[in-house]
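I'm opening a fresh notebook page for this chain. I'll jot down what I look up, one topic at a time.

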Amino acid sequence: FLCLDYLASGNPRLLWYAFILLPLALVCDVLDGMVARAQESRQSVLGGDLDSLADVISFGVAPAVLGFTLGLRGGWDVVCLTYLVVCGVSRLARFNVTSATLTDEHTGKVRYFEGTPIPTSIVLVAMLAVALWFGHVNDQLWFGAVRVGPASLHPLVLTYVLSGSAMISA
């Protein structure tokens, strides 16, 4: 909503608030996991699914919305941003299905991950924040735009594709 408000008002402070919320979401995600593991008897399937839903919003939808807000609005850009979100959903769905068999019974943590965890998309957010800080949020930052068939593509959006692909790699 901060991004929408920024697009309506042009107030750059709103973007900085949006950027601050994402690392805060990461801290809350880590703390939530610690609390859930500490209360073994109160863990629930619903809690795990809600955690995954929050992760998709915080580390899938939010980075995609930030990219769109900062200029990744070409037709192929939108496809690439959507790809990140779909990969995040797929990655978390697979995690929820397989986590019971991969969890170490002593620590309560999953022994290994299949694909990179969705919070790694915070790297994309950091990249956007640095660009905004140095005032390079324009077509120059996105390495211009190229026309590919019926729509345009900013080459930098391919970092979203790489991030999404890493999430779903086995």
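**Entry 1: a term I need before I start.** A residue counts as buried under 20% relative accessible area, as exposed over 50%, and as partly exposed in between. I also note that this is a predicted model.

**Entry 2: the overall layout.** I looked up the elements and got 6 helices and 2 strands. Reading from the N terminus, I get the order α-α-α-α-α-β-β-α. How many of the 170 residues count as buried? I find 34% of them in that class. For the accessible surface of the chain I noted about 9900 Å², and 69% of that belongs to carbon and sulfur atoms. Then I checked contacts between residues at least 6 apart in sequence: 72% of these join residues at least 24 apart.

**Entry 3: aromatic rings.** I searched the whole structure for aromatic pairs and came back with 2. One of them is Trp16 with Phe19, a tilted pair with 5.5 Å centre to centre and 45° between the planes. Both sit in helix α2 (residues 12–38), and because they are 3 residues apart there, about one helical turn separates them. Is Trp16 buried, partly exposed or exposed? Its relative accessibility is 28%, so I write down partly exposed, since that class lies between 20% and 50%. Phe19 has a relative accessible area of just 5%, so I list Phe19 as buried.

Next I took the pair of Trp16 and Trp133. Their ring centres are 6.0 Å apart and their planes are at 80°, so I call this pair edge-to-face. This pair links distant parts of the chain, with Trp16 in helix α2 and Trp133 in helix α5 (residues 122–133), 117 residues apart. Trp133 has 63% relative accessibility, so it goes down as exposed. Put together, the ring pairs link Trp16, Phe19 and Trp133 into a cluster.

**Entry 4: a charge over a ring.** Which residue lies over the face of Phe68? I found Arg73 there, at 5.4 Å from the ring centre.

**Entry 5: back to helix α2.** I picked Asp29, which has its place in helix α2. Is Asp29 buried or exposed? At 17% relative accessibility, Asp29 counts as buried, because the cut-off for that class is under 20%. I then listed what Asp29 touches, leaving out residues up to four places away in sequence: Asp51, Asp55, Phe59 and Pro119.

Val27 is found in helix α2 as well. With a relative accessible area of 46%, Val27 is partly exposed. I also looked up which surface patch Val27 helps to make: a nonpolar one of about 540 Å², together with Leu21, Leu24, Val30, Leu31 and Met34.

**Entry 6: the loop between the strands.** Where does Pro150 lie? I found Pro150 in the loop between β1 (146–148) and β2 (151–153). Its relative accessible area is 68%, so Pro150 is exposed. Last, I checked Pro150 against Trp76: the two are 74 residues apart along the chain, and their C-alpha atoms are separated by 9.0 Å.

Terms used
Residues are numbered from 1 along each chain as its sequence is written. This is a predicted model: local features need pLDDT of at least 70, side-chain atom pairs count only at pLDDT 80 or more; totals for chains, interfaces and linings use all residues. Side-chain values use heavy atoms; hydrogens and water are left out. Helices (H or I, at least four residues) and strands (E, at least two) are DSSP runs, numbered from the N terminus. Buried means under 20% relative accessible area, exposed over 50%, partly exposed in between (1.4 Å probe, protein chains only). Contact means heavy atoms within 4.5 Å. Accessible areas come from the Shrake-Rupley method with a 1.4 Å probe; for residues, only the protein chains shown count as cover. Rings of Phe, Tyr and Trp (its six-membered ring) pair if their centres lie within 6.5 Å; planes under 30 degrees apart count as stacked, over 60 as edge-to-face and the rest as tilted. A charge sits over a ring if NZ of Lys or CZ of Arg is within 6 Å of the ring centre and within 35 degrees of the ring normal. Patches are made of residues with over 30% relative accessible area and no salt bridge: like charges are joined within 9 Å, nonpolar side chains (Val, Leu, Ile, Met, Phe, Trp, Tyr) within 5 Å. A salt bridge is a side-chain nitrogen of Lys or Arg within 4 Å of a carboxyl oxygen of Asp or Glu.
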